[in-house]
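Reader: I would be grateful for a close look at the loops of this chain. Please describe what is found in them and what lies beside them.

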Amino acid sequence: MRDIVILGSTGSIGVQALELVAANPELFRVVGLSAGSQKLPLLFEQARTFRVPVVGTTASRDAWGSLADGVAVIDGPLASTEIAAIPCDIVLNGITGSIGLGPTLAALGAGNKVALANKESLVAGGPLVMAFGADRIIPVDSEHSALYQALLAGKRSEVKKFIITASGGAFRDRTDLTGVTVDEALMHPTWSMGPMVTINSATLMNKGLEIIEAHYLFDMPYAQIDAVIHPQSVIHSMVEYIDGSTIAQLSPPNMKGPIGYALGYPDRVKRATTPIDWTSSHQWNFEAIDTKKFGSIDLAREAGQMGSIATATLNAANEVAVQSFIDKRLEFSEIVKVVAQSLSRVDKGDLRDFADVSAVEQNARMITAEYIEELAQ
Ligand code: MG
């Protein structure tokens, strides 16, 4: 029996993780949950269904008071950070955005392992997270789960490069990206995910963030991390070895595979996801990414080469820009341009501690908000 904590339990990753727990009650026991303030009834329903001893929420007592009914609650802005430090076998971090970094560090600091779906922990604070040791983190991002599995096929010194796959997002085949609406950007062809990551898929910034994530997770130079469009999202990523062999991991586009792999590691969870049906015919395509159309890829690489101050800036600026797009205060085609402008204002170098991250992010958010203001005038 494995004790698990789920952060971001009412989001897409959290809900699917709980479905896995429900299907495997003999494997997993939930000892803590946390979520923001948007889906409080669901959070407390989850707590009761899985008999969770304590839940955390950013919402204040006024909002959750009558819902709690016998469930122990930690509330306030640091609720997820406190829940992350509950002694357990593994903490699944399914929070969206760099607000997930504090909880990741708290979990690691408390001696817990982390099943990491929150890629922003690495983009915003890669050196701080990895200082705890690479063996403490099992990636949940599907591409990185694939790389993790494919890396088991050979020696680390024999790895030539990573090939990260990208669906291409909502606008893979659309040539003109002016006038794109929020609804159009939220229609992802293969994956069902939260709004922030879906829009990041449409700009391909998600892939840029994942290149940075792979760099930190596996200590891989940027020059050895490629990305390729694979519209069917079945091959989740590949590792090319020095002998010319390429090892890929395949499964349907469904996060239960990577979630189950991370929660169960080193054991595999039976029927975590549906296997590929080989009795019907399939076509899997690959094409190079048009980096002129999707400037986010080169921008992310540039930030990566500059260091973690730049990657934290890239992420914070992007979070502000995407939210502005969702709020209809910024054109879709301006998102990456705004992020590039913010990035041009920072220096090379690395973050030293969590306070550094907060300062860098605050600065990036302020600069980005100013640019967006200026554009609106
Ligand atoms: Mg991914």
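Author: Helices here are DSSP runs of H or I with at least four residues, strands are runs of E with at least two, and both are numbered from the N terminus. The model is predicted, so local features need pLDDT of at least 70 and side-chain atom pairs pLDDT 80 or more, while totals for chains, interfaces and linings use all residues. Residues are numbered from 1 along each chain as its sequence is written, and side-chain values use heavy atoms, with hydrogens and water left out.

Let us begin with Arg51, which belongs to the loop between α2 (40-49) and β3 (54-57). Although Arg51 is not a glycine, its phi is positive, at about 45 degrees. Most residues other than glycine have a negative phi. Arg51 counts as exposed because its relative accessibility is 73%; the cut-offs, with a 1.4 Å probe and protein chains only, are under 20% for buried, over 50% for exposed and partly exposed in between.

Leu204 offers a second positive phi in a residue other than glycine, near 70 degrees. This residue sits in the loop between α9 (195-203) and α10. With a relative accessible area of 2%, Leu204 is buried, whereas Arg51 is exposed. A positive phi, near 90 degrees, is also found at Gly111, which follows α5. Helix α5 itself (residues 101-109) is mostly covered, as eight of its nine residues are buried; among them are Leu101, Pro103 and Leu108.

Helix α10 leads us to the metal. The magnesium ion is coordinated by Asp141 (OD), Glu143 (OE) and Glu210 (OE), at 2.1 to 2.2 Å. Donors are N, O and S atoms within 2.8 Å of the metal (3.2 Å for Na, K and Ca), and the site may look incomplete because water is not among the atoms. Along the sequence, the donor residues follow the spacing D-x1-E-x66-E. Distant parts of the chain are linked here: Asp141 lies in the loop between β7 (137-139) and α7, while Glu210 lies in helix α10 (residues 205-218), 69 residues apart. Asp141 and Glu210 are both buried.

Another loop, between β9 (225-229) and β10 (235-241), holds His230. His230 counts as buried because its relative accessibility is 0%. Which residues is His230 in contact with, leaving aside its neighbours within four places in sequence? They are Thr165, Ala166, Ser167, Ile235, Trp284, Asn285 and Phe286, where contact means heavy atoms within 4.5 Å. In addition, the C-alpha atoms of His230 and Glu287 are separated by 6.7 Å, although these residues are 57 places apart along the chain.

The loop between α11 and α12 contains Pro266. The peptide bond from Tyr265 to Pro266 is cis, with omega near 10 degrees. Most peptide bonds are trans.

Beyond that loop, residues 296-306 form helix α12, which packs with helix α13 (residues 308-326) at an angle of about 145 degrees, their axes being 6 Å apart. In this contact, Leu299, Ala300, Ala303, Gly304 and Met306 of α12 meet Ala310, Thr311 and Leu314 of α13. Axes are lines fitted to C-alpha atoms, for helices over the stretch in contact, and angles run from 0 to 180 degrees between N-to-C directions.

For a comparison with a strand, consider Ser34, which is placed in β2 (residues 28-35). Ser34 is buried, with a relative accessible area of 0%. Not counting residues up to four places away in sequence, Ser34 touches Ile6, Leu7, Gly8, Ser9, Leu43, Gly56, Ser80 and Ile83.
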